[in-house]
Amino acid sequence: MDGFPPDFMGCSCYYSENETDFKAQQFIYVDSYQSKPAYISVDNKVIELGDDTEGYEVKFEITDSVQLDTELWHKEGTVTITDSTGAIVTRSIYGECGC
């Protein structure tokens with residue numbers, strides 16, 4: 001997905017697959033601390049994840065976390081997405097969480 005969804009403001013996490021994509025704001029996952037939904041890109045489709053979203057399970061494994069500022073953290077690791085058919089996709093993540 002290109003950039004941030006229009007309804008996002010404030011504290012959030014936003015991840016790309018690598019540093020180059022991150023700098024170009026080509027995100028694969030974006031969420032807001034204070035509200036739903038979150039958005040994830042799967043097979044070049046943006047999927048909205050909310051309280052009533054069925055069929056997707058998203059798990060993060062953070063392997064590297066560095067505090068950049070009092071309210072900003074750089075994070076790297078993997079995201080594993082399981083859909084309703086049981087298909088599993090694991091992708092690298094590179095991004096930030098903060099306010």
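This report describes the fold, the disulfides and a few single residues of one protein chain.

The structure is a predicted model, in which local features need pLDDT of at least 70 and side-chain atom pairs count only at pLDDT 80 or more, whereas totals for chains, interfaces and linings use all residues. Residues are numbered from 1 along each chain as its sequence is written, and side-chain values use heavy atoms, with hydrogens and water left out.

## The chain as a whole

The chain contains 1 helix and 7 strands, where helices (H or I, at least four residues) and strands (E, at least two) are DSSP runs numbered from the N terminus. Followed along the sequence, these elements come in the pattern β-α-β-β-β-β-β-β.

The C-alpha trace spans about 40 × 25 × 20 Å along its principal axes. For a chain of 99 residues, a compact globule would have a radius of gyration near 13 Å, and the value for this chain is 13 Å, which agrees. The radius of gyration is taken over C-alpha atoms, and the globule rule is 2.2 Å times the number of residues to the power 0.38.

Of the 99 residues, 37% count as buried; buried means under 20% relative accessible area, exposed means over 50%, and partly exposed lies in between, with a 1.4 Å probe and protein chains only. The chain exposes about 6,100 Å², and carbon and sulfur atoms supply 45% of this area. Accessible areas come from the Shrake-Rupley method with a 1.4 Å probe, and for residues only the protein chains shown count as cover.

Contacts (heavy atoms within 4.5 Å) also tell us how the sequence is folded back on itself. Among contacts between residues at least 6 apart in sequence, 42% join residues at least 24 apart.

The chain carries 6 positive and 19 negative charges, and the mean positions of these two groups are 3 Å apart. Here Lys and Arg count as positive and Asp and Glu as negative, while His and the chain ends are not counted; the place of a charge is taken as NZ of Lys, CZ of Arg, CG of Asp or CD of Glu.

## The disulfides

A disulfide is a pair of cysteine sulfur atoms within 2.5 Å, and by this rule the count comes to 2 disulfides. When the bonded cysteines are numbered in sequence order, the pairing is 1-4, 2-3.

| Pair | S to S distance | Torsion about the S-S bond |
|---|---|---|
| Cys11 and Cys99 | 1.8 Å | about 110° |
| Cys13 and Cys97 | 2.0 Å | 115° |

The torsion of the bond between Cys11 and Cys99 is about 110°, so this disulfide is right-handed. Cys11 lies in the segment before β1 (12–16) and Cys99 in the segment after β7 (88–98), so the pair ties together parts that are 88 residues apart in sequence. The two partners differ in their surroundings, for Cys11 is buried with a relative accessible area of 12%, whereas Cys99 counts as exposed at 53%.

The link of Cys13 and Cys97 is right-handed as well. This pair also links distant parts of the chain, with Cys13 in strand β1 and Cys97 in strand β7, 84 residues apart, and here both cysteines are buried.

## Residues in and beside the strands

Gly77 has its place in strand β6 (residues 72–83) and is buried, with a relative accessible area of 10%. Its C-alpha atom is separated by 5.5 Å from that of Glu61, although the two residues are 16 places apart along the chain. Not counting residues up to four places away in sequence, Gly77 touches Glu61, Ile62, Thr63, Arg91, Ser92 and Ile93.

Ser41 belongs to strand β3 and counts as buried at 8% relative accessibility. Leaving aside neighbours within four places in sequence, Ser41 is in contact with Met1, Phe27, Ile28, Val46 and Arg91.

The loop between β3 (38–42) and β4 (45–49) contains Asp43, and Asn44 is found in the loop between these strands too. Most residues other than glycine have a negative phi. Asp43, however, has a positive phi of about 50° although it is not a glycine, and Asn44, also not a glycine, has a positive phi of about 60°. Asp43 counts as exposed at 63% relative accessibility, and Asn44 is exposed with a relative accessible area of 79%.
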